[in-house]
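Student: I have a structure to read and would like to be led through it one feature at a time. Where should we begin?

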Amino acid sequence: MPVFMIVWLTPVFLAAGAGGAGLLRRAWLDRRQDRPALLLGGWGLILIAALAGALVQGPVKGLALAVLMLSLGALLVVLAGAVRRSPRTTRERSLAPEPLEGPSRAWRGWLKALLAGPLGMTAAMAVAFCYSAWAPGDPRTRIVLGGLMMPILWGLAMTWTLADQKLLRATAVLAGTTIAGFGLAAVRGLL
Amino acid sequence: MKASIEREVPRGWPISPATVRAVLSGHGLLGLAFAAIIYLVCLTGTIAIFAPDLARWEQPGLPVVAGLDDRVLNRAVEEARRQAPAGTTLYVTLPTLAEPGGTIVAYSETFEKDWAIAADGSLVAHHMPFTDFLIDLHVALHLPHSIGGFVVGLTGVALLSSLISGILAHPRLLRDAFHLRLGGSRRLQEADWHNRLGIWALPFHFTIALTGALLGLSTIIVGVLAMLLYKGDTAQVYALFIERSPAVNAAPMPLPDIAPLLEEARRRAPGGYPRQMMIERAGQADARIAVASDRDHMLASQDMSIFDAQGRLVVDRHPQDLAVGTKILGGISQLHFGWFGGPLVRLGYGLLGLALCVVTSSGVTIWLARRRDKGRAVPLWERLWAAVIWGQPALLGLVALLALLAPEVGARWLLPLWLAGTMALLLVAGLLRTTPWAAIARPLRLAGALCFLSLAVLPLGLGTLWPAGMIGTSLVLLLLAVALVWPYRRRSPQSERARVSETTAP
């Protein structure tokens with residue numbers, strides 16, 4: 001039964017992903033004016049397909065399947081709309097922003113690595129485990145949600161510390177978060 | 001300059017143009033620091049999705065049953081119990097139509113063996129050295145599991161951070177969501193691939209990075225949590241999620257008949273079907289038989305009936321009895337590896353996994369091209385990166401060939417071959433100072449294609465019969481071989497001239 005359901009749902013999700021992306025593409029290609037109807041139609045189709053997946057195959061399994069196939073459907077539209085240019089040796093200018101570049105000192109690099117790595121990890125753990133210790137609800141749910149929060153918080157800390165040029169501020173915030181978070185969580189353990 | 005930056009960052013974007021540039025700089029730094037390991041973990045993970053198919057492809061004679069009668073299963077369990085030392089835990093996986101092939105794994109601290117169950121209940125030992133090699137490389141890089149798991153978990157966090165900074169650093173994300181310009185400037189083409197694949201597969205890539213990071217970091221998470229909340233006793237954390245073991249009673253007692261236990265588990269989980277069994281301390285008075293059942297609309301088993309050595313039901317849990325945390329935990333591995341929906345889901349995971357490999361490799365290529373455009377080329381890094389991205393598929397193909405040609409002898413040599421090959425490729429790429437990166441990429445891509453082609457057709461040469469499921473694996477291998485050599489097909493003289501001139505600008 002489940003295998004047959006997935007065989008049926010796969011082309012439906014692929015078509016919905018391609019259809020939704022197709023409408024969005026038309027909306028965004030017209031740069032002179034907003035096309036709210038196309039935008040609404042595109043996002044609406046994708047959302048309805050995801051909700052249908054959740055209804056038919058369960059909230060997690062159905063959504064996972066829908067997200068997978070909708071992404072593939074949208075990528076089909078991107079591939080179909082690829083523009084082939086004649087090879088050239090002259091450089092075409094990219095409109096994307098350029099990264100910040102400038103002279104950098106080695107100690108700043110090492111400090112950034114420490115902030116993004118070990119200190120970012122401990123700060124993320126401190127916040128996540130403070131949640132696990134003090135949030136209301138079943139301890140198993142708190143622990144698993146805390147565990148899921150930890151990599152996300154660490155990732156955010158990495159993003160921030162690698163972008164922030166004020167290293168002292170980043171160090172103070174991460175160290176303060178670590179001490180406060182671990183302290184609060186440890187208090188719960190002692191109670 | 002300021003006006004130009006502001007033109008690049010559209011109105012309404014939540015962060016300032018200067019911050020966008022700083023985030024982009026951090027995105028590049030993180031990508032460069034972790035690129036090789038992210039690429040390796042993504043590449044091996046993409047192949048590991050197909051572990052069930054690879055196992056069958058490595059051992060074509062393996063029985064693959066779509067269903068098993070309870071009496072036959074009972075015979076198989078008895079046979080496994082006879083072959084394993086007393087006290088060994090047996091993990092039984094029952095086949096379904098979506099995931100055919102029943103297996104039994106016998107595991108204790110001193111013994112490990114796994115078998116496929118034949119239609120008559122007899123057992124055939126598994127021997128899949130390449131699949132085992134690949135999964136261990138993906139999960140722990142062949143390092144001790146606590147260290148390797150942490151490194152892979154850290155890689156997952158770096159990937160998560162790259163995804164977050166990648167979104168923040170691309171203000172034209174929606175406006176350019178469908179731009180894919182091929183064949184022009186190589187840097188622009190790579191940037192288009194990087195951004196389009198990155199944005200449309202973002203929910204999938206985020207899920208994979210998050211679940212992978214959590215799986216890799218689980219040991220350290222449990223350790224620190226136990227230190228904070230349970231005076232360092234990790235067993236107390238695990239006890240929240242695992243049923244407590246009964247008191248030890250080593251008196252001999254035969255294992256009860258499995259068939260009525262499975263029937264009882266079915267009765268207690270309406271709409272469910274037994275999918276896994278864990279048999280602990282078989283042959284002793286304190287034996288336990290846990291039957292976990294799947295339901296069609298659930299990602300992982302949420303029905304569990306546990307029986308004692310006399311076949312009495314001692315624990316009975318169903319979805320409504322489980323905490324949300326337990327349900328989430330059960331689904332994390334399924335979601336990460338894509339082992340919840342049969343071949344179509346695996347294929348989808350494989351395609352988006354491949355997309356993540358392209359996103360990783362193109363990220364570094366863009367950085368290298370930008371350096372070259374600004375007159376600050378780094379040819380050594382260009383050569384090393386070519387050796388990594390095209391060397392790894394070729395090396396994994398070579399390792400798979402060795403496993404297929406000499407399964408018994410080869411098993412011991414897979415890791416040394418891969419390690420020595422990786423080192424040698426990096427060394428050679430580093431030493432070839434006058435060679436452009438394209439001249440390193442080309443032979444590696446051809447070698448990879450040759451390996452995949454050999455892997456696709458070799459089972460015929462070895463005289464083995466292809467079960468229907470294996471034809472799909474061989475077709476995928478053939479497609480990969482074609483994809484590797486596709487850029488080298490015959491071109492018009494004009495485009496060939498342009499291509500050659502670009503070999504100095506990755």
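Tutor: Let us begin with domains, whose bounds come from an automatic or database domain assignment. Please keep in mind throughout that this is a predicted model.

Student: What does the domain assignment of chain A give, and how many Å apart do the C-alpha centres of its domains lie?

Tutor: For chain A the assignment gives domain 1 as residues 3-80 and domain 2 as residues 104-190, and the C-alpha centres of domain 1 of chain A and domain 2 of chain A lie 36 Å apart.

Student: Which residues make up the domains of chain B?

Tutor: In chain B, domain 1 is assembled from the segments 2-55, 134-213 and 340-501, while domain 2 takes in 63-125 and 254-308. The C-alpha centres of domain 1 of chain B and domain 2 of chain B lie 38 Å apart.

Student: How should I read the interface of the two chains?

Tutor: The size of an interface is often given as the accessible area lost when the parts come together. Here chain B and chain A bury about 7600 Å² between them, and 74% of that area is on carbon and sulfur atoms. On the side of chain B, the residues that lose the most area to chain A are Phe178(B), Trp200(B) and Leu228(B), which together account for 10% of what that side buries.

Student: How many residues are in contact, and which element of chain B gives the largest share of its side?

Tutor: Counting contacts, 91 residues of chain B meet 76 residues of chain A. Helix α8 of chain B, residues 202-229, supplies the largest share of the side of chain B that touches chain A, with 13 residues. By residue class, that side of chain B divides into 59 nonpolar, 16 polar and 16 charged residues.

Student: How many salt bridges and polar contacts does the rule find across this interface?

Tutor: Across the interface of chain B and chain A the rule finds zero salt bridges, whereas it finds eight residue pairs in polar contact, with both residues at pLDDT 80 or more. Strands also meet there, since a pairing may join two chains: strand β1 of chain A (residues 83-84) and strand β5 of chain B (residues 181-182) run parallel and are joined by two bridges, and Arg84(A) has Leu182(B) in β5(B) as its bridge partner.

Student: How many salt bridges does the structure hold over all chains, and why might one such pair be worth a look?

Tutor: Over all chains the structure holds 23 salt bridges. In one of them the side chains of Asp373(B) and Arg187(B) meet at 3.0 Å, N to O. Asp373(B) lies in helix α12 (residues 343-373) of chain B and Arg187(B) in helix α7 (residues 186-200) of chain B, so this pair ties together parts that are 186 residues apart in sequence.

Student: How do the strands of chain B pair with one another?

Tutor: Follow the partners in turn. Strand β2 (residues 103-107) and strand β3 (residues 112-117) of chain B pair in the antiparallel sense over five bridges, with Ala106(B) opposite Lys113(B), and a hairpin of four residues joins β2(B) to β3(B). Next, β3(B) pairs with strand β4 (residues 123-125) of chain B, again antiparallel, over three bridges, and Trp115(B) stands opposite Ala125(B). The hairpin of β3(B) and β4(B) has five residues between the strands, and Gly121(B) in its turn has a positive phi of about 90°.

Student: Which strands of chain B pair with β6(B)?

Tutor: Strand β1 (residues 89-93) of chain B pairs with strand β6 (residues 272-280) of chain B in the antiparallel sense over four bridges, and Val92(B) stands opposite Met277(B). Strand β7 (residues 288-295) of chain B also runs antiparallel to β6(B), joined to it by eight bridges, and Glu280(B) has Arg288(B) in β7(B) as its bridge partner.

Terms used
Residues are numbered from 1 along each chain as its sequence is written. Chains are lettered from A and ligands numbered from 1 in the order in which they are written. This is a predicted model: local features need pLDDT of at least 70, side-chain atom pairs count only at pLDDT 80 or more; totals for chains, interfaces and linings use all residues. Side-chain values use heavy atoms; hydrogens and water are left out. Contact means heavy atoms within 4.5 Å. Buried area is the accessible area (1.4 Å probe) that two parts lose on being put together, summed over both. A salt bridge is a side-chain nitrogen of Lys or Arg within 4 Å of a carboxyl oxygen of Asp or Glu. A polar contact is a pair of N or O atoms within 3.5 Å; within protein, one must be able to donate a hydrogen and the other to accept it, and residues adjacent in sequence count only if both atoms are side-chain atoms. Ala, Val, Leu, Ile, Met, Phe, Trp, Tyr, Cys and Pro count as nonpolar, Asp, Glu, Lys and Arg as charged, and the others, Gly among them, as polar. Two strands pair if DSSP finds at least two bridges between them.
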